[in-house]
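Biologist: I am new to this structure, so please pick a single part and take me through it slowly. I would like to see how one group of helices packs together, with a little of the surroundings.

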Amino acid sequence: MANCGAVLDNRLIMATAEQLKALLRSHAEGDDRHFFAVAMQMAAHEAKQGHGRLAEELRELIDAAKARRPANGSAAPIPLIRPKGDLAGLLSVSYPSQRLGQMVLAPAVAKSLQRVLKEQRHISKLQGHGLHPRRKLLLVGPSGTGKTMTAAALAGELGIALFVVRLDALITKFMGETAAKLRQVFDAVKLTRGVYFFDEFDAIGGHRGLSNDVGEIRRILNSFLLMIEQDDSNSVIVAATNHPEILDQALFRRFDDVIEYHVPSSEEIRELFRVRLGKYIRPAKRMDELVSAATGLSHAEITRAISDCIKDAVMADQDTVAPEVLIELLAQRQQVRQRTPSATRP
Ligand SMILES: Nc1ncnc2c1ncn2[C@@H]1O[C@H](COP(=O)(O)OP(=O)(O)OP(=O)(O)O)[C@@H](O)[C@H]1O
Ligand SMILES: [Mg+2]
């Protein structure tokens, strides 16, 4: 009888040993999904052994780790899949550490993005109830207002990879087989959870009305629409454009949310100064004049003027920037803005 118990013990130890090995292997490979699956098996195994308390503790640890993981941008997952072959020219991957908190956003934009994050963080719970978390976003707005930064911040907040889809490469290089290439991109969307960013989205949508290659462009657009519609992956799809007027209404309907960006309001300009200038300016020093000098400029233009000004201060061994220098730099940006077409502005 004692012998029988020993055999049983040995088997249990072997099972646990296999699970431990699988746990370590999946951790080393950065395979979170497998890691948590094995950990859950171990909890179930303990429960079967009558170790209810331990099983419960393990489950709580797993839940806590899962909940912490997305917010922990510093623990960037090891990329499991690097785009290869044709896909390498179409997708570039990175693990941004950016956060939404680093951005200055209009209240409505911040609200929409927080909503997306919340639903993404409760993805399994929502899916468990047959609900679909928001994950197909169209960002619309002028250049330099934070569309690209948003895609990076969403990836940073969720702790997942940012895949930038190079639409220009997709269309010009592979004109004849674009639909097949798009298919490859959407296969990756399904295979590897990430934020997939279709920048210069108008490169597909905007060509629809052009007289040359209308048939071809229409086919590309239609297959893109179809793929967006059919996509039921766990990835977040973000498309951005600063030419919403040339996009077809059919495109808008495919997205869970269309988020509109604008040049910053006076309040947002103040916030941008606060965030970017930090210790480099004495509070309230000619703030109204600064805000008025920046009015009408994009976040990117204001940010550049600020960083030029900080560089000047640093090179001159000064601790703070001179407001008149910043006002001058902002005025220069205003002049550049008046001279350049909106599409080419930073
Ligand atoms: N909302 C914002 N809050 C803080 N900084 C911003 C914001 N928007 C833009 N910036 C600054 O401007 C830079 C450029 O912005 P971004 O590339 O996100 O603009 P965009 O809307 O994608 O422009 P484009 O339409 O030209 O691609 C950012 O890297 C950041 O430094
Ligand atoms: Mg951009």
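**A close look at the packed helices**

Modeller: Let's start with a crossing: helices α13 and α15 cross in a right-handed way, meaning that the near helix is turned clockwise from the far one by less than a right angle, whereas an anticlockwise turn would be left-handed. Helices here are DSSP runs of H or I with at least four residues, strands are runs of E with at least two, and both are numbered from the N terminus. This is a predicted model, in which local features need pLDDT of at least 70 and side-chain atom pairs count only at pLDDT 80 or more, while totals for chains, interfaces and linings use all residues. To find your way, note that residues are numbered from 1 along each chain as its sequence is written, and that chains are lettered from A and ligands numbered from 1 in the order in which they are written.

Back to our pair. The axes of α13 and α15 cross at roughly 40° and come within 10 Å of each other; these axes are lines fitted to C-alpha atoms over the stretch in contact, with angles from 0 to 180 degrees between N-to-C directions. α13 and α15 are therefore oblique to each other, since angles under 35 degrees count as roughly parallel, over 145 as roughly antiparallel, 65 to 115 as roughly perpendicular and the rest as oblique. On the α13 side, I269, L272, R276 and L277 meet H299, I302, T303 and I306 of α15, where a contact means C-beta atoms, placed from the backbone, within 7 Å.

Now follow α13 itself, which covers residues 266-277. Its 12 residues should span 16 Å at 1.5 Å a residue, and its end C-alpha atoms are indeed 16 Å apart; the expected span is 1.5 Å times one less than the number of residues. E268, I269, L272, F273 and L277 are the buried residues of α13, buried meaning 20 or more other C-beta atoms within 10 Å of a residue's own, exposed 12 or fewer, and partly exposed in between. Those buried residues cover an arc of only 145° around the axis, which puts them on the same side of α13; the arc is that of the directions from the helix axis to the C-beta atoms. What covers that buried side includes α14 and α15. After α13 comes G278, whose phi is positive, near 45°.

The next helix to visit is α16, residues 323-339. α16 has 17 residues and reaches 25 Å from first C-alpha to last, close to the 24 Å expected. L326, L329, L330 and R333 are buried in α16. Their arc around the axis is only 100°, which puts them on the same side of α16. Such a pattern is easier to read once you know that an α-helix has 3.6 residues a turn, so residues three or four places apart point the same way. On the face of α16 turned away from the buried side you will find the exposed residues E324, A331, Q335, Q338 and R339.

What do the buried residues of α16 pack against? Their partners are α14 (287-294) and α15 (299-315). α14 and α16 pack at an angle of about 15°, with 9 Å between their axes. The contact is made by E289, L290, A293 and A294 of α14 together with P323, L326, I327, L330 and A331 of α16. α14 and α16 are therefore roughly parallel to each other, and their crossing is left-handed.

One residue of α15 deserves a stop: K311. K311 counts as exposed, with 11 C-beta neighbours inside 10 Å. From K311 to V321, 10 residues along the chain, the C-alpha atoms are separated by 9.1 Å.

To set this part in context, the protein chain has 16 helices and 6 strands, and 30% of its 346 residues are buried. Among contacts between residues at least 6 apart in sequence, 76% join residues at least 24 apart. F201 shows what such a contact can look like: F201 sits in the loop between β4 (194-198) and α10 (202-205) and is buried, with 25 other C-beta atoms within 10 Å. Leaving out residues up to four places away in sequence, F201 touches L167, A239, A240 and T241. F201 and T241 are 40 residues apart in sequence, yet 5.4 Å apart from C-alpha to C-alpha.

How values were computed: Two residues are in contact if their C-beta atoms, placed from the backbone, lie within 7 Å.
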